[in-house]
Amino acid sequence: MIEERSVTGAVPLETETLTPDVTGFARAADILGQGGLVAFPTETVYGLGADARNDMAVARIFEAKGRPRFNPLIVHVPDVEAAKRYVAWDDTADRIASAFWPGPLTLVLPLRPGAGLSPLVTADLPTLAIRIPAHPVARALLNAFDGPVAAPSANPSGRISPTEAAHVLAGLSNRIEAVVDGGTCDVGVESTILGLADTPRLLRPGGLPQEALEAALGTPLALYQVGDALTAPGQMTSHYAPGAPVRLNAIKVETTERLLGFGKVDGAALNLSPSGDLTEAAANLFHHLHKLDQEGDSPIAVSPVPERGLGRAINDRLRRAAAPRGT
Ligand code: TXA
Ligand code: MG
């Protein structure tokens, strides 16, 4: 069903409002399983959920929010056992998780390679932001779906985070498949983000006070530093670039070059989307860059990608891949 009526936004979706009961959770899990988008309440704010293993579904999050960049997303899981499938666990993570999960806290930990998450979720970073929410509706949905759910706040990019189902509908109606109406979020601000991939660092203040974390860690926290490579992945000019030089907006391809195509082009080594579908192109972007990187080091030429919708985020990332190295 979902394939037919959605994805590129040509046909507006009719967003379903689901009740927080067995029927609603089953429907929500079903939609997520088909690659659809479901907004749901957590104790902090409403999240816009997608199956974190499904490239197309995650690409659609960025499309629905109109995000101009592929910022990394938080993955939501029901319990610590599930979290350990996706991140490298250690004693500090264990101590903090036992003290504050489930709750308004997100941990950034080393991503387990090969865990099966879409690279769009982490914006291709080696770390993953992960959270076990406490809200009973979020927990019931995560248990019904039985898989990792990537979810940013369920608002259009640049707007205020939603704390009621009505806020979600005001911003994203006809852009997502469903919202589970679970009433008002108690905390009302986003989760606190604690980086544990190296020195414990407060990456974003939020619903859990810094003092509580410092008490549990027994040490003051290093704070977010502007310009810090790890904490500001979206700001780095080239945090991921293939080894080969990258040339953008290529109309003609040199014989020494490999073409990363978009749309109907001849002789592409790989094509982001032969039909010119930006959602498909976003879903393929990191996979194709990695593949070209693994396959050789001759220069990569990239077909023009239109600067609209998801094309903005794709071009933002391609510009980073093409930027002079070491910046
Ligand atoms: O309360 C919340 O945290 C809500 C609910 C839905 O869980 N979610 C939320 O997501 O606020 P979002 O996408 O609006 O904010 C996620 C933040 C972004 O600032 C992103 O840069 C950061 O998490 N982030 C995600 N992965 C990261 C990583 N690997 N390293 C550093 N920061 C990361
Ligand atoms: Mg947000």
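Here is a short tour of this structure, from its overall layout down to a few backbone details.

The model is a predicted one. Its chain is divided into two parts, domain 1 (16-223) and domain 2 (246-322). Ligand 1 is surrounded by 20 residues, and the protein buries 89% of the area that the ligand exposes when taken alone. If you would like to follow along in the viewer, the domains make a good starting point.

**Domain layout**

- Domain 1 runs over residues 16-223, while domain 2 covers 246-322.
- Measuring from C-alpha centre to C-alpha centre, domain 1 and domain 2 lie 30 Å apart.
- Where the two parts meet, 14 residues of domain 1 are in contact with 15 residues of domain 2.

**The sheet of 11 strands**

- Eleven strands form an open sheet with mixed pairing, in the order 1-8-2-3-7-4-6-5-9-10-11.
- At its edges are strand 1 (16-18) and strand 11 (222-223), each of which pairs on one side only.
- Within this order, strand 4 and strand 6 are neighbours, and they pair in the parallel sense over 3 bridges.
- To find that pairing by eye, look for Val75, which stands opposite Ile130 in strand 6.

**The sheet of 4 strands**

- A second sheet to look at is also open, with 4 strands in the order 12-15-13-14 and parallel pairing.
- Its edge strands are strand 12 (246-247) and strand 14 (270-271), and each of these pairs on one side only.
- Strand 12 is joined to strand 15 (residues 300-302) by 2 bridges in the parallel sense.
- Here Arg247 is the residue to pick out, as it stands opposite Ala301 in strand 15.

**Around ligand 1**

- Of the 20 residues surrounding ligand 1, the closest are Thr44, His76, Arg131, Ser191 and Arg204.
- By class, this shell has 10 nonpolar, 6 polar and 4 charged residues.
- Three strands each supply at least two residues of the shell: strand 4 (74-76), strand 6 (127-131) and strand 10 (201-204).
- Strand 6 gives the most, with 3 residues; this is the strand that pairs with strand 4.

**Polar contacts and burial of ligand 1**

- An N or O atom in the Thr44 side chain lies 2.6 Å from an oxygen atom of ligand 1.
- For Arg204, a polar side-chain atom is 2.9 Å from an oxygen atom of the ligand.
- Ser153 also takes part, with a side-chain N or O atom 3.2 Å from an oxygen atom of ligand 1.
- Taken alone, ligand 1 exposes 690 Å², and 89% of that is buried by the protein.

**Backbone details worth a look**

- Between Trp101 and Pro102 the peptide bond is cis, with omega near -5°.
- Pro102 itself is found in the loop between helix 5 (91-100) and strand 5 (105-110).
- Asp124 has a phi near 70°, a positive value in a residue other than glycine.
- You will find Asp124 in the loop between strand 5 and strand 6, so to speak on the way into the strand that gives the most residues to the shell around ligand 1.

Key:
Residues are numbered from 1 along each chain as its sequence is written. Chains are lettered from A and ligands numbered from 1 in the order in which they are written. This is a predicted model: local features need pLDDT of at least 70, side-chain atom pairs count only at pLDDT 80 or more; totals for chains, interfaces and linings use all residues. Side-chain values use heavy atoms; hydrogens and water are left out. A residue is near a molecule or strand if one of its heavy atoms lies within 4 Å of it. A polar contact is a pair of N or O atoms within 3.5 Å; within protein, one must be able to donate a hydrogen and the other to accept it, and residues adjacent in sequence count only if both atoms are side-chain atoms. Accessible areas come from the Shrake-Rupley method with a 1.4 Å probe; for residues, only the protein chains shown count as cover. Ala, Val, Leu, Ile, Met, Phe, Trp, Tyr, Cys and Pro count as nonpolar, Asp, Glu, Lys and Arg as charged, and the others, Gly among them, as polar. Two strands pair if DSSP finds at least two bridges between them. Domain bounds come from an automatic or database domain assignment. Contact means heavy atoms within 4.5 Å.
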